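Please work through the exercises below with the sequence and coordinates open beside you, and try each task before reading its solution.

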Amino acid sequence: MTETLIQGARCVLTMDDKRNEFLDCDILIRDGAIAEIGGGLTTTGKVLDAAGCIVTPGLVNTHHHLFQTLTRAVPGGQDALLFGWLKTLYPIWARLGPEEMHVSALTGLAELALSGCSLCADHLYLFPNGARLDDTIAAAREIGLRFHPTRGAMSIGESLGGLPPDALVEAEPNILADMIRVVDAFHDPAPGAMVRVGLAPCSPFSVSRELMRDTALLARDKKVMLHTHLAENAEDVAYSQEKFGCRPGQYAEDLGWTGPDVWHAHCVKLDGAEIDLFARTGTGVAHCPCSNCRLGSGIAPVRRMLDAGVKVGLGVDGSASNDAGNLAAEARMAMLLQRVENGAGAMAAHAALELATRGGAEVLGRDDCGRIDEGMRADLAIWDVSGVESAGSWDPAALLLAGPTRVRDLFVEGRQVVRGGELATIDLPAVIARQNALVANLAEGI
């Protein structure tokens, strides 16, 4: 039996069913789970002083492309809309291989961990030069984050009317075979699982209707979740209407891509009928506000989604379209954009933090994390609010209004991943040095 006592937290934001907030509170972690919450707790194990700190559930990232951490701020794509941005980057991504996938995942997951993220979903949809989903799963295990990788795919290249170059697409039988392989090898359905695998054809403009349908059938057979991009911008909607004769929501519904085991990224351009469809079917949304701003895609109707009962979590999206991987900053942006669109009362700081914790866990089908409650997994972010970012704040628990965006300590499954603001599990300077060397190699080939 292993125990850690987080002692004397200024405030614990539980995100439990009653949305309790406890002052001067202790949390006892035992064997990877939350054993007790209260005052005056004791342990024979380790004690971590949390005086002057706010404790939240670990943040949950519902959409990322970790491989893109190698292509931040690429000239030619910095000021483009989605389709033009993709065409700039596809030739660079075609040169990636297993090491690039592994190192970029280490870098991206480290950045997320330092922003308080304990659970990350990743959408890997291209596999050049022998790269495999295994490369990113190995990185997550090294860092110690809970991971929900999705085996993506592109199968319709430019010669068949798709957007990606033919060199980056795969044959659909091979895609389905590898989907089966990675689910069988890595998916863990048990409570407290560190790795769960999803299936995720990239988008309606890069795979066939048949692959979308076959993937949905396979996912239900394997009892894993489904993920893709949907209704990201006006170009995306126009493509759907021209190629399929319907809006993206109808396309998804026709192919079995709605339900509590499905979540879609972006959904910036969902209309009222599509929002109602998602609410009625329990379909989730990964809201990626910074990426949507960067690519000029628009402001997703998150307030309308929440009011209708749609499950919504947050995603940082790829670092080539963000160009950061800070989930705390993403939550703040989500709050501000809804206020811009709908007025100052549209989203409170606590509500935005809920999207980043409990909301994301619900989108990913995780009823064992995203909340601080007895019996839940011990995924905890500890924020020091004694610094300059919170100085003068009347409500230190309103982290997204006046608080740090870098976590002091992070626990995942009861293990400390961040200690005193630094990664405790990997040699981050060495990873950064290798990442920058790989970027230099990529740039030399352009």
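The exercises that follow concern a predicted model, and they go from the whole chain to single residues.

**Exercise 1. Overall form**

Determine whether the radius of gyration of the chain agrees with that of a compact globule, and describe the extent of the chain and its secondary structure.

Solution. Step one is the expectation: for 446 residues, a compact globule would have a radius of gyration near 22 Å, and the chain has 21 Å, so the two agree. Step two is the extent along the principal axes, where the C-alpha trace spans about 65 × 45 × 40 Å. Step three is the inventory of secondary structure, which comes to 13 helices and 17 strands. A last step concerns the contacts between residues at least 6 apart in sequence, of which 75% join residues at least 24 apart.

**Exercise 2. Surface and charge**

Characterise the exposed area of the chain and the placement of its charged side chains.

Solution. The chain exposes about 15900 Å², and carbon and sulfur atoms supply 52% of that area. Turning to charge, one finds 38 positive and 57 negative side chains, with the centres of the two sets lying 2 Å apart.

**Exercise 3. The nonpolar cores**

Identify the residues with the most contacts inside the largest nonpolar core, and find the element that supplies the largest share of this core.

Solution. Begin with burial, since buried residues make up 60% of the 446 residues in the chain. In soluble globular proteins, nonpolar side chains tend to be buried together. Here the largest nonpolar core has 119 residues, and those with the most contacts inside it are Trp85, Leu86, Trp93, Leu109, Leu410 and Val417. Helix H2 (residues 98–114) contributes the largest share of this core, namely 9 residues. A second, separate core has 18 residues, among them Ile34, Ala50, Met376 and Phe411. To examine one member of the largest core, take Trp85: beyond four places in sequence, this residue touches Gln68, Gly77, Ala80, Trp93, Arg294, Leu295, Ala320 and Ser321.

**Exercise 4. Two serines in loops**

For serine 297 and serine 155, decide whether each is buried or exposed, and list contacts beyond four places in sequence.

Solution. Serine 297 lies in the loop between helix H9 (289–294) and helix H10 (302–308). Its relative accessible area is 3%, which is under the 20% limit, so serine 297 is buried. The contacts of serine 297 are Glu232, Asn233, Val268, Lys269 and Asn292. Serine 155 sits in the loop between strand E8 (146–153) and helix H4 (172–186), and with a relative accessible area of 9% serine 155 is buried. Its contacts include Val169, Glu172, Ser206 and Leu211; valine 169 is 14 residues away in sequence, with a C-alpha to C-alpha separation of 4.6 Å.

**Exercise 5. Backbone geometry in loops**

Locate the residues with positive phi, arginine 19 and asparagine 129, and find the geometry of the peptide bond from asparagine 322 to aspartate 323.

Solution. Arginine 19 has a positive phi of about 55° although it is not a glycine, and it lies in the loop between strand E1 (3–13) and strand E2 (21–30). At 36% relative accessibility, arginine 19 counts as partly exposed. Asparagine 129, likewise not a glycine, has a positive phi of about 55°; its loop runs between strand E7 (117–124) and helix H3 (133–143), and at 54% relative accessibility asparagine 129 counts as exposed. Finally, the peptide bond from asparagine 322 to aspartate 323 is cis, with omega near 5°, and aspartate 323 is found in the loop between strand E13 (311–314) and helix H11 (327–342).

Notes: Residues are numbered from 1 along each chain as its sequence is written. This is a predicted model: local features need pLDDT of at least 70, side-chain atom pairs count only at pLDDT 80 or more; totals for chains, interfaces and linings use all residues. Side-chain values use heavy atoms; hydrogens and water are left out. Helices (H or I, at least four residues) and strands (E, at least two) are DSSP runs, numbered from the N terminus. The radius of gyration is taken over C-alpha atoms; the globule rule is 2.2 Å times the number of residues to the power 0.38. Buried means under 20% relative accessible area, exposed over 50%, partly exposed in between (1.4 Å probe, protein chains only). Contact means heavy atoms within 4.5 Å. Accessible areas come from the Shrake-Rupley method with a 1.4 Å probe; for residues, only the protein chains shown count as cover. Lys and Arg count as positive and Asp and Glu as negative; His and the chain ends are not counted. The place of a charge is taken as NZ of Lys, CZ of Arg, CG of Asp or CD of Glu. A nonpolar core is a set of buried Ala, Val, Leu, Ile, Met, Phe, Trp, Tyr and Cys residues joined through side-chain atoms within 4.5 Å.
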